[in-house]
Amino acid sequence: MASGGPDDRAPEVSFFSADGVPIQVFSKDGQLQIHFCCKNKPGMLPDLMEAVERLGFLFDEVTASCHPYFTFDGVATQITGHQAVDANEVRTKLLSLVQGKACESASQ
């Protein structure tokens with residue numbers, strides 16, 4: 001994806017995870033860019049990818065690391081014919097996922 005000047009950047013939605021680590025979601029023209037970082041929790045990568053795919057996006061590119069923290073950078077394109085989903089919906093889903101994983105880790 002070609003990168004233009006600062007005015008070409010997609011709208012950004014930033015928030016903090018349950019761990020206090022920033023999560024960034026950029027959304028523009030049916031494409032998402034996600035940067036996510038939190039404590040490493042079992043199952044986080046497949047759960048995150050499945051959550052975004054359930055919202056109607058397919059990943060084009062993913063870079064993930066699980067040591068010492070879980071970090072995720074991904075680009076996903078909205079599936080043709082799926083209902084439009086904005087960055088706030090993705091943010092809400094990711095925050096819910098992080099909070100759920102925090103609860104699972106505490107109970108194990």
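**Notes on the fold and its core**

Let's start in the middle: Phe-59 and Phe-72 are both buried. Keep those two in mind while reading the points below, and remember that this is a predicted model.

1. **The overall layout.** The protein chain has two helices and five strands. Reading from the N terminus, the elements come in the order β-β-β-α-β-β-α. Of the 108 residues in the protein chain, 32% are buried. As for contacts with a separation of 6 or more, 49% of them involve residues 24 or more positions apart.

2. **The aromatic pairs.** How many aromatic pairs does a search of the whole structure find? It turns up three. One of them joins Phe-59 and Phe-72 edge-to-face, with 5.7 Å from centre to centre and 80° between the planes. That pair ties together distant parts of the chain, since Phe-59 sits in strand S4 (residues 57-65) and Phe-72 in strand S5 (residues 69-78), 13 residues apart. Another pair is Phe-70 with Phe-72: the ring centres are 6.4 Å apart and the planes are at 20°, so this one is stacked. Phe-70, like Phe-72, is buried. Taken together, ring pairs connect Phe-36, Phe-59, Phe-70 and Phe-72 into a cluster.

3. **Phe-36 and its company.** Worth clicking on next is Phe-36, a member of that ring cluster. If you ignore neighbours within four places in sequence, Phe-36 is in contact with Ile-23, Met-44, Leu-48, Phe-70, Thr-71, Phe-72 and Val-98. Several of these names come back below.

4. **The nonpolar core.** In soluble globular proteins, nonpolar side chains tend to be buried together. Here the largest nonpolar core has 21 residues, and the ones touching the most other members are Ile-34, Phe-36, Leu-48, Val-52, Val-90 and Leu-94. At least two residues of this core come from each of strand S2 (22-28), strand S3 (31-39), H1, S4, S5 and H2. Which element gives the most to this core? That would be H2, with five residues.

5. **Helix H1 and its inner face.** Helix H1 covers residues 44-54, and its buried residues are Met-44, Leu-48, Ala-51 and Val-52. Looking down the axis of H1, you'd see these buried residues fall within an arc of 95°, so they line one face of the helix. The spacing fits a general rule: an α-helix has 3.6 residues a turn, so residues three or four places apart point the same way. After H1 comes Gly-56, which has a positive phi, near 100°.

6. **The salt bridge on H1.** The structure holds one salt bridge. In it, the side chains of Glu-50 and Arg-54 meet at 3.5 Å, N to O. Glu-50 and Arg-54 are four residues apart in helix H1, so about one helical turn separates them. Are these two buried or exposed? Glu-50 counts as partly exposed, at 39% relative accessibility, while Arg-54 counts as exposed, at 57%.

7. **Where H2 meets H1.** Val-98 belongs to helix H2 (residues 87-107). With a relative accessible area of 0%, Val-98 is buried. Its C-alpha atom is 8.9 Å from that of Leu-48, although the two residues are 50 residues apart along the chain. Both Val-98 and Leu-48 are also on the contact list of Phe-36.

8. **Lys-39, out in the open.** For contrast, have a look at Lys-39 in strand S3. Lys-39 is exposed, with a relative accessible area of 51%; the cut-off for exposed is over 50%. From C-alpha to C-alpha, Lys-39 and Tyr-69 are 5.0 Å apart in space, yet they are 30 residues apart in sequence.

9. **Gln-78, a buried polar residue.** Strand S5 also holds Gln-78. At 18% relative accessibility, Gln-78 counts as buried, because the cut-off for buried is under 20%. What does the side chain of Gln-78 reach? It reaches the backbone oxygen of Gln-83, at 2.8 Å. Leaving out neighbours within four places in sequence, Gln-78 is in contact with Gly-30, Gly-56, Phe-57, Gln-83, Ala-84 and Val-85. Gly-56 is the residue with the positive phi that follows H1.

How values were computed:
Residues numbered from 1 in each chain as written. Predicted model: local features only at pLDDT ≥ 70, side-chain atom pairs only at ≥ 80, totals over all residues. Heavy atoms only, no water. Buried < 20%, exposed > 50% of the residue type's maximum accessible area, 1.4 Å probe, protein only. Arc of directions from axis to C-beta. Phe/Tyr/Trp six-rings, centres within 6.5 Å; stacked < 30°, edge-to-face > 60°. Core = buried A, V, L, I, M, F, W, Y, C linked by side-chain atoms within 4.5 Å. Contact = heavy atoms within 4.5 Å. Salt bridge = Lys/Arg side-chain N within 4 Å of Asp/Glu carboxyl O. Polar contact = N/O pair within 3.5 Å; in protein donor to acceptor, adjacent residues only side chain to side chain.
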